[in-house]
Amino acid sequence: MALPRFSSPHAHGPARTSWVMQQVLLASVPGVLALTVCFGWGTLANILWAAPVALACEAAMLRLRGRELRFSLRDCSALVTALLLAIALPPGSPWWLVTTGTAFAIVIAKHLYGGLGSNPFNPAMAGYVVLLISFPLEMTRWMAPAAAGIAPTLGPLEALQASLGMLDAARLDALTMATPLDVLRQNQSLLVSELWAKNPQFGRIAGAGWEWVNAGFLAGGLYLLARRIFTWHAPLAMLGALALMAAIFHDGGSAASGGSPLFHLFSGATMFGAFFIVTDPVTCATSNRGRLIFGALVGVLVYLIRHWGNYPDAVAFAVLLMNFAAPLLDHYTQPRSYGHDRGRSA
C-alpha cells in the first residue's frame with residue numbers, strides 16, 4: 001500500500017525560499033523607483049555594486065563551509081541582503097563603503113552564525129549600523145531631493161563617478177543636504193511652521209521626496225501582504241506604536257515635540273523598515289502575539305531614538321535591539337502544542 005505523500009499534523013506550503021526572496025525583490029521596485037526619481041540614480045548604483053559583492057562573499061563562505069554552491073546561491077537570500085543594504089545607504093555611496101557593509105552583512109552577520117536561518121540579527125541592518133558607527137560622514141551624506149530645487153539629482157554618469165570616488169567634492173557637497181529628520185532634531189527651538197517655511201526639503205506632510213519613497217515601500221509591502229509572504233502583525237504594530245508615540249508627544253506647533261504622526265510615518269526608513277526589515281522571518285518573533293510585541297517595541301524604540309537619541313533615523317538600531325529580544329518573546333508567546341488541551345495534563 002502506498003504511503004500518503006503528507007501526513008498530519010504537519011503543515012505544508014508551496015512557497016520556497018527562492019520564491020519568497022524573489023517576491024521581496026519584486027516588491028521593492030516601487031520604492032527603488034521613487035528613490036531614483038526623487039534622489040537620482042545613486043541608489044541603483046549602490047544596488048548594482050552591492051549585488052555582485054554579496055554573491056561573491058556568499059560563494060566564498062559557502063566554499064569555506066563545504067556547502068553546495070549552486071543550490072545555495074539560487075535561493076536569492078544574498079541578493080535580498082544586498083538590496084536592503086543598498087537601499088538603506090545614501091544614494092551614490094562610494095564603492096568601498098558599499099563593499100565593506102555588504103561583506104560584513106554576508107560574512108559576519110550571516111555566515112559566521114551558521115548561514116540562512118541561523119543568524120540572530122538582520123544582516124543588512126547589522127552591516128548598516130557598522131557603517132554608520134565607523135563612517136558617520138559618508139553615511140549622513142544624503143542627496144537633496146529633486147523637489148527641493150537645490151540642484152539637479154545624480155544622473156547615471158554622476159552616480160557612477162560618485163561610487164568610484166571620481167565626482168568632484170564641491171559638486172558632491174552641492175548635491176547633499178540634511179534630511180528632514182536631521183533638520184527637525186537640530187532646530188527644536190523653532191516652530192514646525194517655521195521649519196516648513198525655511199527649509200525646502202520639507203514637503204506636504206513629511207520630507208520632500210521622502211513622502212513618495214515611503215509611499216513606494218508601502219505599496220510594495222501591501223503587495224507582500226497580499227501574497228501572504230508575511231502576516232500583518234509586525235508591520236502594523238510597528239506603524240501603530242510609532243504613530244501613537246508621536247501623537248502622545250506632539251503638541252501641534254513646536255519642533256521640540258517631535259513632529260506629527262504622519263511626519264514620522266512618511267519620513268526616513270519607516271515604511272521600508274515596517275515591511276522589509278521587521279518582517280524578516282529569521283530574526284523576528286515567530287508567533288503572531290510575539291510579532292505584535294516585536295513590532296510595537298520597534299516602533300516605540302524608533303520614536304525614542306529619533307526624538308531623544310543621537311541618530312535621527314533609528315530603524316536599524318531599533319530592529320537590532322529587538323533581535324536580541326526575539327528569542328525571549330518566542331519563549332513567552334509560543335502557542336500551545338498541537339493537540340494539547342490547556343488545563344489538562346498529557
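The paragraphs below lead through a predicted model, beginning with its confidence and then turning to one helix, its surroundings, two backbone features and the salt bridges.

Across the chain the mean pLDDT is 86, and 90% of the residues reach 70 or more. Over residues 1-14, however, the pLDDT is below 50, and beyond near neighbours in sequence this stretch has two contacts in the model. Residues 342-346 also have a pLDDT below 50, and this stretch likewise makes two contacts beyond near neighbours in sequence. Where pLDDT is low, the predicted coordinates should not be read in detail.

A good place to enter the fold is helix α13, which runs over residues 210-226 and so comprises 17 residues by the way helices are delimited here. From its first C-alpha to its last, α13 reaches 24 Å, close to the 24 Å expected at 1.5 Å a residue. Several of its side chains point to an interior setting: Trp 210, Glu 211, Val 213, Asn 214 and Gly 216 are buried, as are Phe 217, Gly 220, Gly 221 and Leu 224. What do these buried residues of α13 pack against? Their partners are α1 (17-27), α2 (29-39), α5 (77-88), α11 (180-186), α15 (261-265) and α16 (270-277).

One of those partners, helix α16, contains Phe 272, a residue that is buried, with a relative accessible area of 5%. Leaving aside residues up to four places away in sequence, Phe 272 touches Leu 84, Ile 87, Ala 88, Phe 217 and Ile 277. Among these contacts, Phe 217 is itself one of the buried residues of α13. Phe 272 can also be placed relative to Leu 79, from which it is 193 residues apart in sequence and 17 Å apart in space, C-alpha to C-alpha.

Beyond the end of α13 the backbone deserves a closer look, since the helix is followed by Arg 228, whose phi is positive, near 60°, although Arg 228 is not a glycine. Arg 228 is found in the loop between α13 and α14 (233-249), and at 75% relative accessibility it counts as exposed. Cys 76, which is not a glycine either, has a positive phi of about 70° and sits in the loop between α4 (69-73) and α5. Is Cys 76 buried or exposed? With a relative accessible area of 13%, Cys 76 is buried, whereas Arg 228 is exposed.

The structure holds two salt bridges. In one of them the side chains of Lys 110 and Glu 58 meet at 3.0 Å, N to O. Because Lys 110 lies in the loop between α6 (95-108) and α7 (123-134) while Glu 58 belongs to helix α3 (residues 42-64), the pair ties together parts that are 52 residues apart in sequence. Both partners are shielded: Lys 110 is buried, with a relative accessible area of 3%, and Glu 58 counts as buried at 2% relative accessibility.

The other salt bridge joins Asp 313 and Arg 306, with the closest N and O atoms 3.0 Å apart. Here the two side chains fall into separate accessibility classes, for Arg 306 counts as buried at 4% relative accessibility, whereas Asp 313, at 22%, counts as partly exposed.

Key
Residues numbered from 1 in each chain as written. Predicted model: local features only at pLDDT ≥ 70, side-chain atom pairs only at ≥ 80, totals over all residues. Heavy atoms only, no water. Helix = DSSP H or I, 4+ residues; strand = E, 2+ residues; numbered from the N terminus. Expected span 1.5 Å × (residues − 1). Buried < 20%, exposed > 50% of the residue type's maximum accessible area, 1.4 Å probe, protein only. Contact = heavy atoms within 4.5 Å. Salt bridge = Lys/Arg side-chain N within 4 Å of Asp/Glu carboxyl O. pLDDT = per-residue confidence, 0-100.
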